[in-house]
Number of protein chains: 2
Amino acid sequence: MDAAEFRKSGKQMVDYIADYLEKIDKRQVFPDVEPGYLRPLIPDCAPQDPESFDDVFKDIEKIIMPGVTHWHSPYFFAYFPSTSSFPALLADMLCGGIGCVGFSWAASPACTELETVMMDWLGKMINLPEEFLAEKGGQGGGVIQGSASEATLISLLAARTKTIRRVQSEKPELTEADIMGRLVAYASDQFCATLGTTPCCSFDKLFDLGPICNKKSFWMHIDAAYAGSAFICPEFRHLLNGVEFADSFMFNPHKWLLVNFDCSAMWVKKRSDITSVFKLEPLYLQHQHQDSGLVTDYRHWQIPLGRRFRSLKLWFVLRMYGVRGLQEHIRKHIRLSHQFEDLVLQDERFEICAEVVLGLVCFRLKGSNELNKELLKSINEAKKIHLVPCHLREKFVLRFAICSRVVETTHVEFAWQHISQLATDLLKAWEQNHHQQHQQ
Amino acid sequence: MDAAEFRKSGKQMVDYIADYLEKIDKRQVFPDVEPGYLRPLIPDCAPQDPESFDDVFKDIEKIIMPGVTHWHSPYFFAYFPSTSSFPALLADMLCGGIGCVGFSWAASPACTELETVMMDWLGKMINLPEEFLAEKGGQGGGVIQGSASEATLISLLAARTKTIRRVQSEKPELTEADIMGRLVAYASDQFCATLGTTPCCSFDKLFDLGPICNKKSFWMHIDAAYAGSAFICPEFRHLLNGVEFADSFMFNPHKWLLVNFDCSAMWVKKRSDITSVFKLEPLYLQHQHQDSGLVTDYRHWQIPLGRRFRSLKLWFVLRMYGVRGLQEHIRKHIRLSHQFEDLVLQDERFEICAEVVLGLVCFRLKGSNELNKELLKSINEAKKIHLVPCHLREKFVLRFAICSRVVETTHVEFAWQHISQLATDLLKAWEQNHHQQHQQ
């Protein structure tokens, strides 16, 4: 395939994606396929000779789409949002076209420098303390990781190295293994200090935890993977108060800020805490500018060596939505979650299981876990909407997460009517069943 | 931006990418910018109100391109290739459009199943022992990681867990920390068992290492990040002989197999060796099919939870090039490296520093490291081509790596004439300098 063919097929793909996203509400949100569906549909090895784009293109609807869970459907209320937006798609196309691997400043200066500045933009949008920013020649700064797990791992490794070095300087007789065996990582039953947990979007109390961590020289990492995006709205920023105690902080713009996966934003107060753990300088990665003090080599901030030009997504999205556009998106989602909460509260058969702070509603039928498991089963088997459950203090709970960029009041109302009807059917069946058992 | 606007701007972006790649040889391969160039060119915070796509689009040439190192230029001979191809760009567009997060089978069955089958296709293309494949219900299988470093880390963690469990079962009196302190990871001076090292593309002797590892129950991980792609050609497959001793094996299709970054292919003989290290089953990630035995939940195979639909890139590339098309690509690169090697050998001032096996030529001027550092400096300051150096046994060596998909004989000849001329100028200056010093 040459550039001329790419012009043609690329435009075909643009139209396909636009069609897909424009009419995504017409597709069943969860697929009908059973495990193992795909292998029999395709050959068991790669072709020797090239196939045409048209052949491959036809197979998208035939082979791929039947097995896709449509995360961007307005009927998708599972997990947490994984956002998508047209500006981010455009930026990702450009990222692929440039195709640089920005492990060092020299490997593509624009890739590194845009990332540093975008992380400052983003930090300012959530009013992060200045110590976390790079702009004024401070010791802090931000980096885009691939996932929240990577950010957690980096923090753990940095914390471990820092603690081992401190203890070794105090007690030189201890070996690294001696110290390692005694290290402790504190976490709650929902995982680090978390703002917006996955099961129920609860918030740890930073003002209780922070001073203890600082006093005891514990590394404090705050994970606000989902909730962080909401902090761009002044009315939710208070949830981040106490971040000033943290050593590292992260949230996922790819969850809720209309930046396509993957884009995990992580900031540290002291860059050297993480770069000193990972620094590796083989000659082929050295370049003349690296000791100038002005240069960031992001390979020292992460597990992988290579990295894509992900900051383009942030740049496109922040500019083409503007802060106000993104605030509107967040506020719409939170409005919809409260709308759903109200619908649940008006129905005496149901209960709300955790405070609705952002875009997640945890709810259940009053009654047994078995009953709620049956309800979820009937919801997901009907495949008109898609939800996942969680456990909250031994209770089986249904999670209703506002996810899609295009979800509106009508979809939430439809979802509630559907759940409510399934609950009616289920309760009737249970009652009959109970009645029959009683008669026997 | 709505779907209609995306149709328009997406097509504009397709043309921009096609133009960029079609005329990439007209751009200076390495940028002129100095560290810190970008920040003054853009505002210091995100705009409150949306900007138009046209405004953002104009800034690509104004702000981004002046700072890009053009990895796909036919004058780029640095590091190792990071491939790019039009079929892979198309697949990445689709991946973004679908935007699913395939951490479990249920999160998007197509995403998981295509990956498993593509890893079998790829494994068969390099004639990997059947134990590493998933297709016949065996214990092995493949996964796409983000980078070779992640694959190494996963192997290390799996090896550590497996060894600790084994030692604990033999000596229950030892704590995990006791055992951890005594664990050893063996590596050569070029990093695990490696096929195609980064400095000079050398190969470890698997037939020497393998039997020892197996006898001693050492985990053997083989990293063929760059070289692995060449094994699709029967004439280079012998370099992989001995892989049958390994527990895990990986190579990067994103390096040399025309699949855009990121796509690191990793296989294990025993899936349970890695899934048992990472398995985590919160309720919101459980689904009804997971215990069927037919289902792969790839989150247990990797550090991150989320993952993109990267197998689409493999599917598009393997089908639209065919095995023969990819073999041609590999063979062209290797032919060009030997062409460059011949040019070096014909010039008595130069020497070849390591056997040229694949697409990398390590060479230097006969003489001091200082002289060669000066030569590299003059090459990279002229910015007509781009190279990076390495150290081989105390010697400062220049690496000439065949990288671009569109590099041809003419570019290699140009590069050599350019290097040769710079060497002539340099040697003349050194001689004059020496002569002057002698006279003083």
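Here is a short conversation about a predicted model, covering its cavities, its salt bridges and a patch on its surface.

Student: Let's begin inside. How much space lies in the largest cavity?

Tutor: Happy to start there! Rolling a probe the size of a water molecule over the atoms shows where empty space is left. For the largest cavity, that space comes to about 340 Å³.

Student: Which residues that line the largest cavity are the closest to its centre?

Tutor: Two helices are good places to look: helix 3 (86–98) of chain A and helix 3 (86–98) of chain B each supply at least two residues of the lining. By class, the lining has eleven nonpolar, twelve polar and four charged residues. Of the 27 lining residues, the closest to the centre are A:Asp92, A:Arg308, B:Asp92, B:Met93 and B:Arg308.

Student: And the second largest cavity: how many charged residues does its lining have?

Tutor: This cavity has a volume of about 230 Å³. Its lining is made up of 23 residues, and A:Glu150, A:Asp262, A:Arg310, B:Glu150 and B:Asp262 lie nearest the centre. Sorted by class, the lining has four nonpolar and nine polar residues, and the number of charged ones is ten.

Student: Now for salt bridges. Is A:Glu115, which meets A:Arg307 in a salt bridge, buried or exposed?

Tutor: Over all chains, the structure holds 61 salt bridges. In this one, the side chains of A:Glu115 and A:Arg307 come to 2.7 Å, N to O. A:Arg307 is buried, and A:Glu115 is likewise buried.

Student: How many residues apart are A:Glu235 and A:Arg331?

Tutor: Their side chains meet in a salt bridge of 2.6 Å, N to O. A:Glu235 sits in the loop between strand 3 (221–223) and strand 4 (248–251) of chain A, while A:Arg331 belongs to helix 10 (residues 311–345) of chain A, so the pair links distant parts of the chain, and the separation is 96 residues.

Student: Why does A:Glu235 count as partly exposed?

Tutor: Partly exposed residues fall between the buried limit of 20% and the exposed limit of 50%. Its partner A:Arg331 is partly exposed, with a relative accessible area of 29%. A:Glu235 counts as partly exposed because its relative accessibility is 39%.

Student: Which parts of chain A hold A:Asp262 and A:Lys313?

Tutor: These two side chains meet in a salt bridge at 4.0 Å, N to O. The pair ties together parts 51 residues apart in sequence, because A:Asp262 lies in the loop between helix 8 (253–256) and strand 5 (264–268), and A:Lys313 lies in helix 10.

Student: What is the relative accessibility of A:Lys313?

Tutor: Buried means under 20% relative accessible area. A:Asp262 counts as buried at 7%. A:Lys313 counts as buried too, because its relative accessibility is 0%.

Student: Which residues are joined with them into one network?

Tutor: Salt bridges that share partners build this network. From chain A it takes in A:Asp262 and A:Lys313 along with A:Asp92, A:Arg308 and A:Arg310. From chain B it takes in B:Asp92, B:Asp262, B:Arg308, B:Arg310 and B:Lys313.

Student: Last, the surface. Which residues form a nonpolar patch there?

Tutor: One member, A:Ile212, lies in helix 7 (residues 206–216) of chain A. A:Ile212 counts as partly exposed because its relative accessibility is 48%. The patch has about 430 Å² of accessible area together, and its residues are A:Val184, A:Tyr186, A:Ile212 and A:Phe218.

Methods. Residues numbered from 1 in each chain as written. Chains lettered and ligands numbered in written order. Predicted model: local features only at pLDDT ≥ 70, side-chain atom pairs only at ≥ 80, totals over all residues. Heavy atoms only, no water. Patch = residues over 30% accessible without salt bridge, like charges linked within 9 Å, V, L, I, M, F, W, Y side chains within 5 Å. Areas by Shrake-Rupley, 256 points an atom, 1.4 Å probe, with all protein chains shown as cover. Helix = DSSP H or I, 4+ residues; strand = E, 2+ residues; numbered from the N terminus. Buried < 20%, exposed > 50% of the residue type's maximum accessible area, 1.4 Å probe, protein only. 1 Å grid on protein atoms, 1.4 Å probe; cavity = no way out; pocket = protein on both sides within 12 Å on 5 of 7 lines; lining within 4 Å. Points joined across faces, edges and corners; volume = space filled by probe spheres on them. Nonpolar A, V, L, I, M, F, W, Y, C, P; charged D, E, K, R; others polar.
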